[in-house]
Amino acid sequence: MPEGRVAAPDRHAAGALEARAVLQGLWQAAQLPPDALGQVQLSGADPVLPSSFAVGAAAQATMAAAALAACELGHARGVARQQVSVDMRQAALECVGWFSLDGRVPAKWDPFSGLYRSRDGWVRIHANFAHHRDGALRLLGLNPSTAQRGDAEHAMLGWRAEDFEDAAAQAGLVATALRSFEQWDAHPQGQAVAAQPLFTLERIGEAAPRALPALGADSLPLSGLRVLDLTRILAGPVCGRTLAGYGADVMLVNAPQLPNIESIADTSRGKLSTHIDLRTPQGCADLARLLEEAHVFVQGYRPGGLDALGFGPQAVAALRPGIVYVSLSAYGEQGPWRARRGFDSLVQTATGFNLAEAQAAGMAEPRALPIQILDYATGYLMAFAVAAALRRQRLEGGSWHARLSLAQTGRWIRELGRVEHGFAVAWPEAAPYLETSASGFGELVATRHSVVLSRSPARWLRPSMPPGTHAPAWP
């Protein structure tokens, strides 16, 4: 089977695949040692959240895969294997992304974000960034300084859904038309996504196996590894947070001129955080200097976006032979939408999930999945790919490039099957899974990590800090 392509599930046509079988498929796709799977304990079963999709299994299996691969890399570095345990309910609640700062729960969505009726269907607009919100309002013919949500809803009734989607894409905005699974499967981008594996792991350069720092018997499995995190919204930051939880030194690199959303307080747990402006020679020099000691380079720019700045995969592999380079995109690197911006909520809408979930629930209006599982599952899959590639580099040498996208993860979640009576379950209580920590944003209450490692408990060794807190230098 080609690397990164998960085998078709062996199950009845109806019903979701069990999480252990899902994990086994991921493990085989990464060509990792099958005997390591004996170290995993998974508890719980879907449904754990109200959904017709196996969101619990997707959360649990991807989280377990990332943790087990990190431990397998630790084993390759000379320490004994350890048990990895994940409870499905807790894993799903971790993917809710709930947190508070000094007792305040930040709003998850801008008032203009969400679904709008159009002349012939529905459109979802992502407006959490002010420039995206204002651009969408101007496209609707409205004044951003005076418009109300009702004005936008009225204006959208004059548009065909796909016409607005195309106009928004041409303007660099983020909006998608609602489609069914069948419509997405017939779309050129849907066909391009279907032709790709869940993830790809490609050798892109020659390098000798790199010696990694020695581990103590009780060290976290990624201790001594250095990760550059050039991502901003959810999937990528979750990857970096996960790697930090297993011991890596993760440096979040933000551009000082770009805005952020408040979820950065949650996703920055365990990370260093610096500002680098790649539009300047000094910024490029700072990043190149950090790269000299990095083992992993994770980026969430649109395909080709970093090439012009001198930090595309081939350039980074030349600068730092033996690097593991990870690329995240919305719709993948093939097809007519490869350069389009996108977020979880938009990819759900475009690819059929919102309509399918509504139909399963007996609702007339589109219904989102209960969690942003495309983002979270992709983030954990990125961390999984990092650990698998680092292990490969240690054993075989080479520089490696992992590619993942929200749309590819979405297709994989579809293939897990549907959950019978998924809406009958009550929303579980999150309080038992919360923890409190100090942060540079205030007192942070958030979900603790769901993975339990038997010998070296996963934990974030650094508090979450605002962008630019640290100098661009490794500790």
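**Close-up views of a predicted model**

**View A. Strands β3, β14 and β15.**
Leu101 stands opposite Leu444, a residue of β15. The model shown here and in the views below is predicted. Leu101 belongs to strand β3 (residues 99-101), which runs antiparallel to strand β15 (residues 444-447), with three bridges joining the two. Strand β14 (residues 434-437) is also antiparallel to β15, and four bridges hold this pair. Within the pair of β14 and β15, Leu434 faces Thr447 of β15, and Thr436 has Val445 of β15 as its bridge partner. β14 and β15 form a hairpin with six residues between the strands. Gly442 in this hairpin takes a positive phi near 125 degrees.

**View B. The open sheet β1-β2-β16 and helix α2.**
Three strands make up this open sheet, in the order β1-β2-β16 and with mixed pairing. The edges are taken by β1 (40-43) and β16 (451-453); each has a single partner strand, so one side of each lacks a neighbour in the sheet. From one strand to the next the twist averages 15 degrees. β1 and strand β2 (residues 84-87) run parallel and are joined by four bridges. Ser43 has Asp87 in β2 as its bridge partner. In a regular strand, side chains point alternately to one face of the sheet and the other. Helix α2 (residues 55-76) lies across β1, β2 and β16. The direction of α2 makes about 165 degrees with that of β2.

**View C. The loop between β1 and α2.**
Which two residues does the cis peptide bond join? The bond is between Asp46 and Pro47, with omega at about 5 degrees. Pro47 is placed in the loop that runs between β1 and α2. Both of these elements also appear in View B, where α2 lies across β1, β2 and β16.

**View D. The open sheet β4-β5-β6 and helix α6.**
This open sheet has three strands in the order β4-β5-β6, and the pairing is antiparallel. β4 (114-117) and β6 (175-177) are the edge strands, each pairing on one side only. The twist from one strand to the next averages 25 degrees. Three bridges link strand β5 (residues 122-125) with β6 in the antiparallel sense. Ile125 has Ala175 in β6 as its bridge partner. Helix α6 (residues 161-170) packs on the sheet and touches β5 and β6. The angle between the directions of α6 and β6 is about 155 degrees.

**View E. The largest pocket.**
The space in the largest pocket amounts to about 950 Å³. The lining has 35 residues, of which Arg232, Leu258, Gly300, Tyr301 and Arg302 are the closest to the pocket centre. Two or more lining residues come from each of α4 (130-139), α9 (235-245), β9 (249-254) and β12 (324-329). Which element gives the most to this lining? Helix α9 does, with three residues. By class, the pocket lining divides into 16 nonpolar, eleven polar and eight charged residues.

**View F. The loop between β8 and α9.**
Leu234 is found in the loop between β8 (226-230) and α9. Although Leu234 is not a glycine, its phi is positive, at about 60 degrees. The helix that follows in this view, α9, is the one that gives three residues to the lining of the largest pocket.

**View G. The largest cavity.**
How many cavities of 30 Å³ or more does the structure hold? There are five of them. The largest cavity contains about 50 Å³ of space. Its lining consists of Arg210, Leu212, His295, Gly322, Leu390, Gln393 and Arg394. By class, two of the lining residues are nonpolar, three are polar and two are charged. Empty space of this kind is revealed by rolling a probe the size of a water molecule over the atoms.

**View H. Confidence along the chain.**
The average pLDDT of the protein is 95, and 97% of the residues score at least 70. Where does the pLDDT fall below 50? Residues 8-14 form such a stretch. Beyond near neighbours in sequence, residues 8-14 have seven contacts in the model.

Note on methods:
Residues are numbered from 1 along each chain as its sequence is written. This is a predicted model: local features need pLDDT of at least 70, side-chain atom pairs count only at pLDDT 80 or more; totals for chains, interfaces and linings use all residues. Side-chain values use heavy atoms; hydrogens and water are left out. On a 1 Å grid over the protein atoms alone, a cavity is a set of points where a 1.4 Å probe fits but cannot get out, and a pocket is an open set with protein on both sides within 12 Å along at least five of seven lines; lining residues have an atom within 4 Å of a point. Grid points are joined across faces, edges and corners, and a volume is the space filled by probe spheres set on the points. Ala, Val, Leu, Ile, Met, Phe, Trp, Tyr, Cys and Pro count as nonpolar, Asp, Glu, Lys and Arg as charged, and the others, Gly among them, as polar. Two strands pair if DSSP finds at least two bridges between them. Axes are lines fitted to C-alpha atoms, for helices over the stretch in contact, and angles run from 0 to 180 degrees between N-to-C directions. Contact means heavy atoms within 4.5 Å. pLDDT is the predictor's confidence in each residue, from 0 to 100.
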